[in-house]
Amino acid sequence: MQDTSAQRYSRQELFAPIGAAGQARLAKARVAIVGVGALGTVSAGQLARAGVGFLRCIDRDVVDWTNLQRQVLFDERDAEAGVAKATAAAEQLRHFNSRIQVEPVTADLTSANIHTLLSDVDLIVDATDNVQVRQLLNDWAVSRSIPWIYGAAVSSYGVTCLIRPGVTPCLTCLFGEGDTGGHDTCDTVGVIAAVTGIIASAQVAEALKFLTGNQAALRDGLLYVDVWHNEWRSLPFGDRRMDCPTCGLRQFPLLEARSGSVTVTFCGRQTIQVRPQADTTVNLPHLAERLRRLGSVRANDSLLRFEVDEIQLSLFADGRALIHGVTDPAAARSFYARYVGM
Ligand SMILES: [Zn+2]
């Protein structure tokens, strides 16, 4: 059969703001999609079909049956076999468009691999389902001035915006630095595919505008959609926070956490949770012996409490710690490194 694939973008090129010039830009564009689940499968599919030249699909998970209701690149064979999502997605994307390059990466995005995985792209699509990865992404994107498209959906509602470091507010400007979750999740309240499809499509729209140089068309704010309660809201960005720790003061504590070390989250005022990134077991009675000469210690097999210089540590056997009396993540991390080790 005659190869008429050169015409595959004809309808997109007929769309005047893209045209042949925009299409040529898409062919050269490099995009990373972080998370290949409900949002990521939709955006990856659309970006592949649109002819974005390079797509890196990053996900740490395998396909299971609960995914099939909304994760559009996977089918029953993938769930049956428990294939890695990144691999299954890449395979499907190559069937959509064999002329682009698709690179699957099965990994957790961490401070250790984020440089390798995101340094060579023009744009990052956030399709993760967790706050910590988004905060890491925000730190990294701001530190490197690479735009990224925030997206989140749960239940019947979702939010998205394009974050351009130095131009728009960043994630910390928008939601503050103390956001550690405690939100509804797909695992607690469910999610319907109608909303993930809309949010991912809205992300793709901004991606196409950005990658084809249609700056004036970019949405200058957040889109909030609730498909069940019939709400569509556009929330203007407002100004960047000049005192924003991330894009104002350029502090990137999450990037400084070393590989295999810890993640840090806030748990209310003056309490910071430090959690090892790798599975670990701490021998608490043994550690208690070590700490006894440095401060006050109480310990049993499941919990150790330690206090020194008005800072209190509650350490669990899995290495997770709550550190009370500090407000700075870097201070919490260094306290943990000093007394527990990482
Ligand atoms: Zn900011």
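Start by selecting G151 and T160: T160, in β6, is the bridge partner of G151. The model on screen is a predicted one.

Next, widen the selection to the two strands around this pair. Strand β5 covers residues 148-154 and strand β6 covers residues 157-163. They run antiparallel, and 7 bridges join them.

Now select the sheet that contains them. It is an open sheet of 8 strands, and its order reads β3-β2-β1-β4-β5-β6-β7-β8, with mixed pairing. Go to the edges, which are β3 (101-106) and β8 (231-236); each of these two pairs on one side only. Between neighbouring strands of the sheet, the average turn is 15°, direction ignored.

Two helices come next. Select residues 38-50, helix α3, which packs on the sheet. Helix α3 touches β1 (30-34), β2 (54-59), β3, β4 (123-126) and β5. Its direction and that of β2 make an angle of about 170°. Then select residues 193-211, helix α10. Helix α10 lies across β1, β4, β5, β6 and β7 (221-226), and runs at about 10° to β6.

Finally, show the whole protein. Its secondary structure amounts to 13 helices and 14 strands. The C-alpha trace spans about 80 × 50 × 40 Å along the principal axes. How does the radius of gyration fit a compact globule? The protein has 22 Å, which agrees with the value near 20 Å for a compact globule of 342 residues. Of these residues, 39% count as buried. Among contacts with a separation of 6 or more, 63% are between residues 24 or more positions apart.

Notes. Residues numbered from 1 in each chain as written. Predicted model: local features only at pLDDT ≥ 70, side-chain atom pairs only at ≥ 80, totals over all residues. Helix = DSSP H or I, 4+ residues; strand = E, 2+ residues; numbered from the N terminus. Rg over C-alpha atoms; globule rule 2.2 N^0.38 Å. Buried ≥ 20, exposed ≤ 12 C-beta atoms within 10 Å, placed from the backbone. Contact = placed C-beta atoms within 7 Å. Pairing = 2+ DSSP bridges. Axes fitted to C-alpha atoms, helices over the stretch in contact; angles between N-to-C directions.
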